[in-house]
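Here's a quick tour of one protein chain, from the outside in. Have a look at the model first, then read on.

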Amino acid sequence: MLRPVSTVSALADALRQRVLSGEIDPGTPLPEQELAALYGVARPTVREALAVLVHEGLLRRERNRSAYVPEVTIEDLDDLMFVRRPMEDLMARSLAGRRVPEADAALERMAALPDDAPWSDVVAEHMALHAALIDAVGSPRLVRLYGALAAETRLGLVRLRRVYEDRDQLVAEHRALLDAIADGDARAAVKQHLGHSWGADPLR
């Protein structure tokens, strides 16, 4: 059965897609009044939808200032990977020799996306794949630690749309990763997988 979606949820989904597709540049203000006029909704609805994305870490809001997409610099992303690598390495050692059906399913959904699918759909499946691997370890604390990095990871993936203009390459890399984990050679595969470039030029 279809689940009814509230106006707040629908607006939050629409804005989330725009953020994760790179349509809204970092630092761009999102005034409530303009969004209300654009989407034909009341300002309290906009305020609630923005609050959802602020809670998710995809937007930032400061006193007396409109919400905006935070800028994630190359230095931020390098530090993010510095923290992620030990977690992914722990995952690789724990899952060596296993297949994770949920991760395989996320990869197949990524591969099946049409060429004109928004980048936010790629981000969603990428996150689902890696989350499935972390979940499969069976450590609630690892899941919580990894989840704390989710917002920055998703914003970082916006940058990767420039690196992976050919989505088949992204699919192939993740297929190689999952196959390596299943074959028991996961740690080297994870190290190689996380060694990608974020792109030299800032997203401007």
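Starting at the surface, the protein chain has an accessible area of about 11,200 Å² (Shrake-Rupley method, 1.4 Å probe), and 51% of that belongs to carbon and sulfur atoms. Bear in mind that this is a predicted model, where local features need pLDDT of at least 70, side-chain atom pairs count only at pLDDT 80 or more, and totals for chains, interfaces and linings use all residues. Numbering runs from 1 along each chain as its sequence is written, and side-chain values use heavy atoms, with hydrogens and water left out.

As for the fold, there are ten helices and two strands (DSSP runs: H or I of at least four residues, E of at least two). In sequence order they read α-β-α-α-β-α-α-α-α-α-α-α. The radius of gyration over C-alpha atoms is 18 Å, close to the 17 Å from the globule rule (2.2 Å times the number of residues to the power 0.38) for 204 residues, so the protein chain is as compact as a globular protein of that length.

Some chain-wide values:

| Property | Value |
|---|---|
| C-alpha trace span along principal axes | about 55 × 45 × 35 Å |
| Buried residues (under 20% relative accessible area, 1.4 Å probe) | 42% of 204 residues |
| Contacts (heavy atoms within 4.5 Å) joining residues at least 24 apart, among those between residues at least 6 apart in sequence | 76% |

What lines the second largest cavity? Arg98, Arg99, Val100, Asp104, Leu133, Leu178 and Ile181 do.

Definitions and conventions:
On a 1 Å grid over the protein atoms alone, a cavity is a set of points where a 1.4 Å probe fits but cannot get out, and a pocket is an open set with protein on both sides within 12 Å along at least five of seven lines; lining residues have an atom within 4 Å of a point. Buried means under 20% relative accessible area, exposed over 50%, partly exposed in between (1.4 Å probe, protein chains only).
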